[in-house]
Each structure stands twice: as structure tokens, then as C-alpha cells.
Amino acid sequence: MHELSRFALPAFLLFAGLAGCVETTTDTPNDDLSALPHDVHSYAKPAEARVTHVALNLNADFEAQQLVGTATLTIETAPDAEEIVLDIRDLAIEQITDTDGNELTFSTGDTDDLLGAPLTIELPSAANQIVVHYRTGEGADAVQWLNSEQTSSGAPFLFTQGQAILTRTWIPTQDSPGIRQTYEAEITVPEGLTAVMSAEGNSRDGEPTEDGRTTFRFRMDEPIPPYLIALAIGDLEFRELGPRSGVWAEPQVVEAAAYEFAEVEAMMDAAENLYGPYRWGRYDILVLPPSFPFGGMENPRLTFATPTILAGDRSLVSLIAHELAHSWSGNLVTNATWDDFWLNEGFTSYFENRIMEAVYGADYAAMLESLSRTGLDAELEELDEADTHLRLNLEGRDPDEGMTAIAYDKGAAFLFTVEEIVGRERFDTFLRGYFDAHAFRPMTTERFVAYMDAELFAGDAGLRARVDPEAWIYGPGLPENASEVTSEAFSRVEAQAEAFSNGTAPAELSTEEWTTHEWLHFLKSLPESLSSEQLAALDGAFGFTETGNSEVRFAWLRVAIRNRYEPAFASLEEFLTTQGRRKFILPLYTDLAASDWGRPIADRIYRDARPTYHAITFNSVDEVLGAPGAAE
Ligand code: BES
Ligand code: ZN
């Protein structure tokens, strides 16, 4: 499909020359346009022309399920640039003009299912702004429109999820993590609803419009990668948590959320002590409706979080430490391309653990590190060897495929290992300097290694050889020098799991004062195969089927499916139909689909549940169960 729209340019624009549109300030992000590595997941050619600022003016039409309006892009160009290339997917582009309303010529290239299409616009020569008039389409995978049955409040809800390459389904811009952009937005919503964004300006006080709607205004003055532009609209309330932190949620959820996240200010202090000042002003958390496809998303100033971490006992808040840590690793220093994803997630998983250690103590952090290592070991068994290098090659693939234990847990294991070899103090100083030196900049794996060589190894070849960065980054599996992970608490748990396997009744086991993490490790330490009697005894003693802790419930349901323990299946069905977090949903359907008896159960539940999931979740499940209507 090749669309071409041609509009005559006014003569004065044609002959005005380029002087007016070349902006060469030194403090703009990515000031060296040609230094950016090529991003295989974007059509943009930033060395020729790049977006530096996005101004959105959008109306959220809940009836049509469309965002409709304009994106005004500020552009910086190389001297001879005549056009700019944006990324779009499933967007209906109605018109593109300059800021005076003169139409500009544009064309849309062939559409790729994954990447969408390049939108090429002939630049007006006298101005550095263009206005794209557009609406989102049905395939806007970033956006989920929820009806009143899918929220606690009974009000409709909308949220976006941009990472990795979905921002282009709701904003026409250069959708590459190396191309940082400031933004502002005017969002108009139906009366009674509140819009919030990953920006400054979140408040319940919008401005009424003449037709009874409400407009909210936002601005993000720090340059951010476009995957961090995020919007949510719903019946939202706010509770303060600390001087610069708070929580947004639907009224029915906000008190529980405020209780759960009470320690966030302490986490911020711990994080700043480690790696320097928090640079984003406020840190608020938005609790989404249960269909949110991820655990958390580090949208700047406003982390988006799943309600499945509201356990009631603050036991799952390491996820908040993780998203907060991204305020440095990811949002301040950003993976330049998705092949460098470990620079975001590995650093963040390490940093998360350090925050947890500072706030909850070393024993607690050791349990978390051990769970991470166990998960890594399990995933290493499954992955193709080429996908176990830290530096990935995702060309032609969905960057989501990089979301494995490699980026997160092998990435963190590498940093734990470096810490062990060079010493904590030296490593902390190094990391603090790294975040400072590259703040608001993209980072490649190669540049990180060069920075390590210069600042950490500093010519000490012996030290470098002991770390052996190449083995970790370009080699498979877990290198031999990986630091040992030990948790005494978990050794005690293993002894109890062993005792159970050897016939001790569950009620006789020593499980006093176990936290969520001990329970998780216990469930993972159980033998592969268990009898119905054993499962019933465990469930009777510990109430796994009915637990309100989503992580424990998930781990238990996997044990239940593995052993066809039918008393847990009503709970399984409820879990699959009342939340849509992909990390829980996908493995459970996959486990069910692995057996002849389970497959029809999976198909039946999925048929009804699929429309309630976010596209990120159902696209993944479709790959296992098949899309509805697809040939068998
Ligand atoms: N940035 C990620 C989520 C993400 C990654 C979305 C890649 C899209 C593409 C976020 O910080 C994250 O890692 N979330 C985890 C929780 C974390 C505690 C490991 C999640 O959602 O499970
Ligand atoms: Zn993360």
C-alpha cells in the first residue's frame, strides 16, 4: 500500500531558504546527530532531521475509541535536509500542515506488521514545526480502552503502553529510544474523568470546555525517549505518600494503594544515596485497572503499576523499587537501541536490589537475588544460545522478544559480579559517575564497555581480565566468574521442602515468619510431581488456592496445572479472567496447552477472556493458542 498526498507549497516557502529551520543549540539532546547508532526498529533518519519536541492536542473519544487531534512536532535538521521521516502504525493521517495551516506534502511507505510504516514529510523551509492531524486506529496496540465492567469504579478508562515500539500507534513521531524529545499535551476527556501523564501537571483540576468536557494540560521539559510518553484517563483520585511522592488510582483502590506504597519515599532516599539526585521532581505511582499487561512501567514522574502487587502486606513492593530505579537506569541513561536493552533492565534489576537492601536489609535482598538467579537458570535451559548474550540482535524481530531473564537477571548478575571483583565502594562511585556523565543521553553497549575501560579498569589489565566483560556481553549463558548467590533464609526453606518430600506433614513444617519470598522459593523447591493427597495437604495447611498474594497464587497454580490438581482450577479460571498481566497469563495458558486435557480448558477460558486483555497480552497468547478465527 503506497499512499501519496501532494500539495503545492506556497512559493515563499519554497524560496525562503533553510536558514530559519536550522537550529543548532548546544544543549539539545543527542546534539551529535550522526553519533546515534542505527535503530533497526525505526524508520527515522535522525542525522537528517529529528524531532526535538512533541506538542499533543488530543480529544479522547470513548464512544469511537479514538484519540483525535494534532501532534505539533518541532524539528531540528541538517543543513541540506528536505524531509523528515516519522514512525507510524495504524494511525489515520488526515492532513499535515505548517503552523500557519499550509498543507505539506507527505507520503506513507509500505506497512510492516511490526514496525508500521515510514511517514515522510517534505519540510517547509521557513519553519521548524509541522502539525500532523490524525486519529488512532483500531490496531492502536499501545492503547487500551476499558469499558465500565473492566474497572473498579464502573467508569471507563484508557491507558497507553509505549515500550517498546508502540508509541507510534498513538503518536506520529520518531519512535526510537535514542531520539529524545520533550513534550507537552492538552488532553480533553469526558466530564468526570481525569487525565494523567508521565509529565508535570497531574491534578484533578482540569478546565471545563464549552461542550461539557474537561481539558488537562501537561509538560515534560526533560528530553525523554518517546516510549516513555504515557497517558491514562479514568475516575482517578490522588493520595500523598511523601513530600514528593503520591499515588493515583480509582477511588475503590486508592486507600489500599497508599498503604502498600507507604515506603516509597524511603526508597527514593536510598536510591539518591546510592547514585545521586532524583532528577525528575515528583515520583508518583498510578495503579492501573487489572488488565495492565505489565507489572510496572517506569513512565517518568508517574510509574504505571499493576494492581496485582497490592498484596495488603507490602510484600511485592520491590517492583516499585525497580520502576523507581529506572529513573536513573533507563530514563536518565537510555538504551540507544533495543539490542542494548540490558543497559536498561540489567542495571535496573541490580539497582532495585541495592534499594531493597538499603531499605529492608541484606537478608531480604539476598532472597530477591536468589529468586532472580533461579529464574535465570531456568530460562537458560529454554533459550537459544544466541539469545543468551547480553547484547542482543533483534533485527527483524519484535523487541519484546528481548524481555527475557537475560536482560534482567543475567544483566544484574554481571553487575553483581563486577561489584564483587572491584569492590562495592569503587563500583558505586563508578556507577554514580556513569549516570551523571550520560544523563539524558542514549547509551550503547560498546560505549558502556569503553566507559568501563576508561573509568573502572583504567589500564589495569588484570582486573579487566577477571571481570571479562566480553564473556558476559557477547558470550552465552552464565560465565564462570559469576558471583555466588547464597541466602540462608532460602537454605532453611529448602530443608523444609525436603522434609515435606520425605513425608513430613505440611502442618509440621517450620514456616513461621516466612515472607512471600520464602513461600515462592518453597513452591519452586517442591518436587516436579506431587500426588493429589500431597497437594491437598499443602493447600489445606497453607491456603495457596485462596491466597490474595498474586505471586504466590501464580506459583501455586503452575504447580497445580503440572499435577492436574483440579480443586485449584476454579481459582485458576478466576485468576485468568480478572487480571491481564502477561507475566501471569502467558505461562498459565502455555502450561495448560501443553497437555491434552488442559488444552480445551485453555481454549474455553481464552475465548471469553481475550477481549478483556491488552493487545500486548493477547498478541503473546495468540502465539501459543492461535488467534481466534485463525486456521488450525
Ligand atoms: N520497562 C519494563 C517493562 C517493559 C519492558 C515493557 C519491555 C515493554 C517492553 C519494566 O520496568 C519492567 O521491567 N517491568 C517488570 C517488573 C520488574 C519488577 C521486573 C514487569 O512488568 O514484569
Ligand atoms: Zn524494568
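**View 1. Lining of the largest cavity in a predicted model.** By class, five nonpolar, one polar and three charged residues form this lining. The model is predicted. The nine positions are Glu369, Ser372, Arg373, Leu376, Asp409, Ala412, Ala413, Phe416 and Val485. Two elements, helix H6 (362-382) and helix H7 (405-422), give two or more residues each to the lining of this cavity. The charged members are Glu369, Arg373 and Asp409. Ser372 is the polar one. The space inside amounts to about 50 Å³. The structure holds two cavities of 30 Å³ or more. Empty space of this kind shows up when a probe the size of a water molecule is rolled over the atoms.

**View 2. The second largest cavity.** Its volume is about 40 Å³. The wall includes the aromatic side chains of Tyr278, Trp280 and Tyr283. Glu298, Asn299, Pro300, Arg301 and Thr303 also line this cavity. Glu323, Ser327 and Asn331 complete the list. By class, the lining divides into four nonpolar, four polar and three charged residues. Glu298 and Glu323 belong to this lining, and both are also among the closest residues to ligand 1.

**View 3. Polar contacts of ligand 1.** Three side chains are shown here. Glutamate 298 has a side-chain N or O atom 2.6 Å from a nitrogen atom of ligand 1. For tyrosine 408, a side-chain N or O atom lies 2.6 Å from an oxygen atom of the ligand. Histidine 322 places a side-chain N or O atom 3.2 Å from a ligand oxygen. Taken alone, ligand 1 exposes 520 Å². The protein buries 89% of that area.

**View 4. The shell around ligand 1.** The shell counts 16 residues. Gln163, Gly295, Glu298, Glu323 and Tyr408 are the closest. Strand E19 (296-297), helix H4 (318-325) and helix H5 (341-360) are the elements that give two or more residues to the shell. H4 gives the most, with three residues. By class, six shell residues are nonpolar, six are polar and four are charged. Two domains share in the shell: domain 1 (42-175 + 181-224 + 226-325) and domain 2 (335-474) each supply at least three residues.

**View 5. The second largest pocket.** This pocket has a volume of about 410 Å³. Its lining counts 19 residues. Closest to the pocket centre are Gln65, Glu138, Val143, Gln144 and Trp145. Strand E9 (143-146) and helix H19 (615-625) are the elements that give two or more residues to the lining. E9 has the largest share, three residues. By class, the lining has eight nonpolar, nine polar and two charged residues. At least three lining residues come from each of domain 1 (42-175 + 181-224 + 226-325) and domain 3 (488-625).

**View 6. A cis peptide bond at glutamine 163.** Glutamine 163 and alanine 164 are joined by a cis peptide bond, with omega of about 5°. Alanine 164 sits in the loop between strand E10 (157-160) and strand E11 (181-189). Gln163 appears again in the ligand view, as one of the closest residues to ligand 1. Most peptide bonds are trans.

**View 7. A positive phi at aspartate 90.** Aspartate 90 is not a glycine, yet its phi is positive, about 55°. The residue lies in the loop between strand E4 (83-88) and strand E5 (91-97). Most residues other than glycine have a negative phi.

Definitions and conventions. Residues numbered from 1 in each chain as written. Chains lettered and ligands numbered in written order. Predicted model: local features only at pLDDT ≥ 70, side-chain atom pairs only at ≥ 80, totals over all residues. Heavy atoms only, no water. 1 Å grid on protein atoms, 1.4 Å probe; cavity = no way out; pocket = protein on both sides within 12 Å on 5 of 7 lines; lining within 4 Å. Points joined across faces, edges and corners; volume = space filled by probe spheres on them. Helix = DSSP H or I, 4+ residues; strand = E, 2+ residues; numbered from the N terminus. Near = heavy atom within 4 Å. Polar contact = N/O pair within 3.5 Å; in protein donor to acceptor, adjacent residues only side chain to side chain. Areas by Shrake-Rupley, 256 points an atom, 1.4 Å probe, with all protein chains shown as cover. Domains from an automatic or database assignment.
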